[in-house]
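These are my notebook entries on a structure that I had not examined before. I went from the whole chain to single elements and then to single residues.

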Amino acid sequence: FGLAQHSPSPVGSERGGRPPKGRRWCLQRSRVAKMEMRAGVPGAKSFANRMGTKKCVRAWTAPARRMGLRVNLSMEKRPVQSQSVSKRLLNVANGLEVPVPGAVGGRGPVGERLRIFSGTSNRPLAQEIASYLGIDLGAIKIKRFADGEIYVQVQESIRGCDVFLVQPTCPPANDNLMELLVMIDACRRASAANITAVIPYFGYARADRKNSGRESIAAKLVANLLTEAGADRVLALDLHSGQCVGYFDIPVDHVYGMPVILDYLASKRISSDDLVVVSPDVGGVARARSFAKKLSDAPLAIVDKRRQQHNVAEVMNLIGDVNGKVAVMVDDMIDTAGTITAGAALLHEQGAKEVIACCTHAVFSPPAVERLSSGVFQEVIVTNSIPPTVENSFPQLTVLSVANLLGETIWRVHNASSVQGLSGWS
């Protein structure tokens with residue numbers, strides 16, 4: 001292969017022969033094989049199999065890392081664009097070249113034009129997404145002045161780049177929404193080629209229709225604000241209703257977080273004969289029906305309730321049989337937990353032996369934590385679309401990550417691939 005040692009002088013180059021296949025050669029070539037597999041180079045996997053199993057490859061690279069042959073993927077010097085992927089990897093392995101951030105990542109070949117920036121509302125989730133893609137979060141400065149105004153400065157060049165801004169509009173909703181709008185404006189003025197607003201939790205989604213006269217449809221207003229700020233696309237997770245997609249005049253990729261919860265429930269190995277999926281209200285029947293179909297085609301029950309005023313609900317009746325079964329209550333979000341807690345109490349009265357609450361967005365406005373931890377639920381399963389806090393934690397709470405789901409969606413959008421059926425949800 002004409003490889004060079006870690007020192008400047010190449011091995012065997014003066015004699016013009018092949019380098020000796022000793023310990024140093026194996027260490028370097030195994031590192032290249034591992035990086036080629038990550039980058040999707042054809043034939044890399046078969047070569048790694050000839051060298052040994054993946055465990056052997058990792059074992060061979062461990063001594064190399066101890067000898068100081070570590071490759072620093074955080075450096076920003078760019079290689080010559082005309083070089084092939086294999087040539088770049090060989091040069092990186094020999095210390096002759098510094099890799100591009102994201103050029104070789106955990107997901108595979110990620111474009112050099114991809115940039116991910118995070119707001120202040122859920123930076124841990126954005127960091128997990130970037131780690132899935134094998135790149136670093138972009139450098140951005142966000143601060144608030146004494147009067148509450150927001151200042152945003154992108155601290156690296158994004159001219160011509162495909163930019164993804166991760167910012168859920170969770171509480172405080174107004175501050176986080178305004179921060180997202182200012183971030184979009186900053187990226188637009190920095191000549192980004194495409195700007196995608198990644199919104200794991202879309203605030204104001206419940207204001208999607210007029211229930212009475214002289215009410216605003218705030219979901220449409222927020223959609224207009226995002227469009228006018230300069231967003232080219234929106235990536236949203238579990239919108240409150242599908243009609244919110246139609247409020248946008250730009251493309252919207254709507255993915256669902258329930259498959260993440262389904263995988264977790266499948267790992268619990270609950271007998272399908274003991275399961276029943278419960279919708280906490282009539283409006284969530286379609287969601288619960290799809291959830292039950294994916295969950296071993298479990299039976300469905302519905303809690304009929306009548307809402308007297310906002311955030312206050314009264315349970316009226318139960319449609320379906322839950323006697324002696326594990327009831328799984330499914331909703332898109334839990335706010336004050338009044339609806340789902342009252343429904344769980346009714347399920348216990350009807351003979352359910354266990355009640356498990358599942359939702360994508362854990363808003364947890366007071367007094368949600370007190371209600372959820374009162375003993376009516378054996379487990380409360382949520383995702384990290386809204387960052388979990390110490391104040392909102394309790395023993396029954398289980399938090400699942402949607403970073404891989406969002407990271408895969410971002411990768412497909414960036415590479416112009418289809419995201420239909422990505423969540424396995426319909």
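The entries below record what I looked up, in order.

**Entry 1. The whole chain**

I note at the outset that this is a predicted model. I counted the secondary structure and found 12 helices and 14 strands in the protein chain. The protein chain has 426 residues, of which 50% count as buried. I then looked up the accessible surface, which comes to about 20400 Å². Carbon and sulfur atoms hold 49% of that surface. For contacts with a separation of 6 or more, I found that 64% join residues 24 or more positions apart.

**Entry 2. The nonpolar cores**

Which residues touch the most other members of the largest nonpolar core? I found Ile116, Ile129, Phe291 and Ile410 in that role, within a core of 43 residues. The element that gives the most to this core is helix H12 (residues 403-414), with 6 residues. I also recorded another core, lying apart from the largest one and made of 37 residues. Its members include Val163, Ala197, Ala205 and Phe248.

**Entry 3. Strand S6 and its partners**

I turned to strand S6, residues 233-237. Of its 5 residues, 4 are buried, so S6 is largely enclosed by the rest of the structure. I then asked which strands pair with it. Strand S5 (residues 194-199) runs parallel to S6, and 4 bridges join the two. One pairing I looked up is that of Thr196, whose bridge partner in S6 is Arg233. Between S5 and S6 the chain passes through helix H7 (residues 218-229), and I noted this β-α-β crossover as right-handed. Strand S7 (residues 252-255) also pairs with S6 in the parallel sense, again over 4 bridges. Here I found Leu235 opposite Asp253 in S7.

**Entry 4. Helix H6**

Does the span of H6 agree or disagree with the value expected at 1.5 Å a residue? Helix H6 covers residues 173-189, and its 17 residues should span 24 Å. The end C-alpha atoms are 25 Å apart, so the span agrees. I listed the buried residues of H6 as Asn176, Leu177, Glu179, Leu180, Leu181, Met183, Ile184, Ala186 and Cys187. An α-helix has 3.6 residues a turn, so residues three or four places apart point the same way. I next looked up what covers the buried residues of H6. The cover includes strands S1 (114-118), S2 (140-144), S3 (150-154) and S4 (162-166), together with S5 and H7. Just after H6, I noted that Ser191 takes a positive phi of about 65°.

**Entry 5. Helix H10**

Helix H10 (residues 338-349) has 12 residues. From its first C-alpha to its last, H10 reaches 17 Å, close to the 16 Å expected at 1.5 Å a residue. Its buried residues are Gly338, Thr339, Ile340, Thr341, Gly343, Ala344, Leu346 and Leu347. Just after H10, Gly351 takes a positive phi of about 100°.

**Entry 6. Ile334**

I chose Ile334, which lies in strand S11 (residues 326-334). Is Ile334 buried or exposed? Its relative accessible area is 3%, so Ile334 counts as buried. Leaving aside neighbours within four places in sequence, I found Ile334 in contact with Ile340, Cys359, His361, Ala362, Val363, Phe364, Leu372 and Val380. I also looked up Cys358, 24 residues away from Ile334 along the chain. The C-alpha atoms of these two residues are separated by 8.9 Å.

**Entry 7. Backbone details in the loops**

I recorded a cis peptide bond from Pro171 to Pro172, with omega near -5°. Pro172 lies in the loop between S4 and H6. Another cis peptide bond joins Pro366 and Pro367, with omega about 5°. I placed Pro367 in the loop between strand S12 (354-362) and helix H11 (368-372).

I then looked up positive phi values in residues other than glycine. Phi of Tyr204 is near 70°, and Tyr204 sits in the loop between S5 and H7. At 36% relative accessibility, Tyr204 counts as partly exposed. Phi of Asp297 is near 55°, and Asp297 is found in the loop between helix H9 (285-294) and strand S9 (300-309). At 60% relative accessibility, I entered Asp297 as exposed.

Key: Residues numbered from 1 in each chain as written. Predicted model: local features only at pLDDT ≥ 70, side-chain atom pairs only at ≥ 80, totals over all residues. Heavy atoms only, no water. Core = buried A, V, L, I, M, F, W, Y, C linked by side-chain atoms within 4.5 Å. Buried < 20%, exposed > 50% of the residue type's maximum accessible area, 1.4 Å probe, protein only. Contact = heavy atoms within 4.5 Å. Areas by Shrake-Rupley, 256 points an atom, 1.4 Å probe, with all protein chains shown as cover. Pairing = 2+ DSSP bridges. Right-handed = clockwise from strand over helix to strand, strands pointing away. Expected span 1.5 Å × (residues − 1).
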